[in-house]
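Trainee: I have a model open and do not know how to begin. Can we go through it together?

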Amino acid sequence: MAASNSNTSIIFLYTFLVLLLLQTQISNSLTCSSQKLSKNKLYKQCSDLPKLDSYLHWTYDSSKSSLDIAFIAPPAKPDGWIAWAINPTSTGMVGSQTLVAYKQSDGSMTVKTYNITSYKDVLLGKIGFQVSKMEAEYVDGVIKMYASIVLPQTYGKVVNHVWQIGPSLKNENGDLNVHGFAADNINSVGKLDLMSGSTGGSSGGGGTISTTTTSGGGISSKLKKKNIHGVLNAVSWGMLFPIGAVIARYLRVFEAADPAWFYLHVFCQLSGYAIGVAGWATGLQLGKQAQGFGNTLHRNIGITLFTFATLQIFALFVRPKKDHKLRFYWNIYHHGLGYSVLVLGIINVFKGLDILQPLKKWKTSCIIFLCVLAGIVLVLEVLTWVVVLKRKSDKTSKGGYNGANVS
Ligand code: HEM
Ligand SMILES: *[C@@H]1O[C@H](CO)[C@@H](O)[C@H](O)[C@H]1NC(C)=O
């Protein structure tokens with residue numbers, strides 16, 4: 001039974017790796033400087049925003065504190081919304097003084113303003129600056145939103161801005177349905193230097209825009225938490241548990257490795273569990289901040305993993321003796337949970353990687369590690385069967401053998 005179990009998990013693993021490797025990223029190669037805006041609207045500066053295939057064109061007159069903008073982005077779905085905002089109080093969504101464009105039920109486009117006071121309160125109505133000439137158009141899957149703004153002097157010449165795209169509206173009053181929570185949706189924030197943009201004529205390399213990695217901001221500390229969460233869980237579920245399982249399955253066959261394999265196995269699983277619990281706790285905190293939006297699958301797998309792993313630790317303490325008649329059932333329980341933790345753990349590490357989207361090298365390292373481990377498993381599996389079959393034939397010829405049990 002253990003043999004067929006491990007085959008399924010190997011197949012699972014490989015399917016996953018292939019899917020991951022096939023994943024391609026399509027990026028929009030247009031730059032803002034080559035974009036045509038309708039009605040011959042001209043702006044002095046523009047920038048290719050680093051996330052969500054979005055672009056900002058603007059003209060800023062510092063003497064009047066006036067800012068004309070065009071914001072261009074593809075809504076998440078054809079009947080969705082696009083939003084651009086200045087945040088005078090922090091670096092994220094909360095506090096944003098927001099302009100949102102979408103298609104109304106009669107087919108015409110509209111622009112509305114929203115005062116975002118919490119992740120739950122996106123309030124249609126007055127915002128912290130004067131806005132006029134709000135217009136929008138829908139062209140080839142992209143919404144172009146225009147507005148003229150008078151900024152309060154207190155905002156300064158470098159402002160925090162955020163942008164977002166959403167799938168749909170709740171109703172005709174302009175209540176929005178929530179956007180996605182992919183890495184692009186979470187990192188669509190930055191600083192906008194109103195004075196020094198790339199000029200509209202040259203290629204907009206986005207020199208004025210930075211996704212915030214500066215200190216002190218809510219986003220960067222949140223990102224740091226997410227990175228810690230990722231590393232802890234990758235080490236625990238992605239490395240220690242699989243290594244511990246490999247040790248248990250293959251080392252025990254060799255009599256010389258008894259009982260060393262058992263202590264190594266317990267060491268891997270216990271330290272994996274400790275680190276995994278720490279990772280889980282950071283995950284709970286992140287989940288609380290997101291207030292029940294998004295990433296449900298990642299969260300549910302995480303909770304299941306924690307439960308299974310905890311049951312697995314309990315199993316250690318209620319282990320019947322090797323020759324006890326209940327040991328057979330205990331083995332089924334322990335192996336079943338063990339393989340589930342293994343497969344779910346790896347799935348969730350990759351789910352997490354997809355949500356966080358760190359530098360490519362992290363995902364690549366994880367894939368290489370698992371490939372190497374899978375290679376080792378393959379070799380050991382073959383060796384094990386050779387050893388076991390040899391013992392079987394020795395046993396039938398000599399009789400009376402009662403060595404290690406491979407199940
Ligand atoms: C119904 C409307 C909305 C809901 C319920 C909502 C909810 C949320 C939640 C819960 C997060 C945190 C996700 C996480 O930390 O994993 C978030 C992030 C974010 N949202 Fe929204 N959102 C809405 C509308 C908007 C709009 C209109 C904008 C455009 C300005 C926006 C921009 C952002 C950005 C840039 C982030 C990432 C930065 C941050 O966490 O503050 N959201 N949203
Ligand atoms: C936006 O909402 C906050 C919190 O309710 C409030 O303090 C602020 O005055 C509002 N801004 C505007 C322009 O109404």
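Mentor: Start with one residue and place it. F314 sits in helix α5. Keep in mind that this is a predicted model.

Trainee: Which residues make the nonpolar surface patch?

Mentor: L311, F314, F317, V318 and Y333 make it. The patch covers about 550 Å². So F314 has two entries in your notes: a place in helix α5, and a part in a nonpolar patch, where a residue needs over 30% relative accessible area to count.

Trainee: Which helix gives the most to that patch?

Mentor: Helix α5, residues 296-317, with three residues.

Trainee: What does the record list as "transmembrane region"?

Mentor: Read a record entry as an annotation, then look at the model. The unreviewed UniProt entry lists residues 230-248, 260-281, 301-318, 330-350 and 362-388. Take two of these stretches. Residues 301-318 are 94% helix and 0% strand, with end C-alpha atoms 26 Å apart. Residues 330-350 are 100% helix and 0% strand, and there the end C-alpha atoms are 30 Å apart.

Trainee: Now the ligand. Which residues surround ligand 2?

Mentor: List the shell, then sort it by class. N115, T117, K126, I127 and G128 surround ligand 2. That shell has one nonpolar, three polar and one charged residues.

Trainee: How far is a polar side-chain atom of N115 from an oxygen atom of ligand 2?

Mentor: The distance is 2.3 Å. Then check the cover. On its own, ligand 2 has 360 Å² of accessible area, and the protein covers 40% of that.

Conventions: Residues numbered from 1 in each chain as written. Chains lettered and ligands numbered in written order. Predicted model: local features only at pLDDT ≥ 70, side-chain atom pairs only at ≥ 80, totals over all residues. Heavy atoms only, no water. Near = heavy atom within 4 Å. Polar contact = N/O pair within 3.5 Å; in protein donor to acceptor, adjacent residues only side chain to side chain. Areas by Shrake-Rupley, 256 points an atom, 1.4 Å probe, with all protein chains shown as cover. Nonpolar A, V, L, I, M, F, W, Y, C, P; charged D, E, K, R; others polar. UniProt positions renumbered as here; feature names shortened; annotations may be inferred. Helix = DSSP H or I, 4+ residues; strand = E, 2+ residues; numbered from the N terminus. Patch = residues over 30% accessible without salt bridge, like charges linked within 9 Å, V, L, I, M, F, W, Y side chains within 5 Å. Salt bridge = Lys/Arg side-chain N within 4 Å of Asp/Glu carboxyl O.
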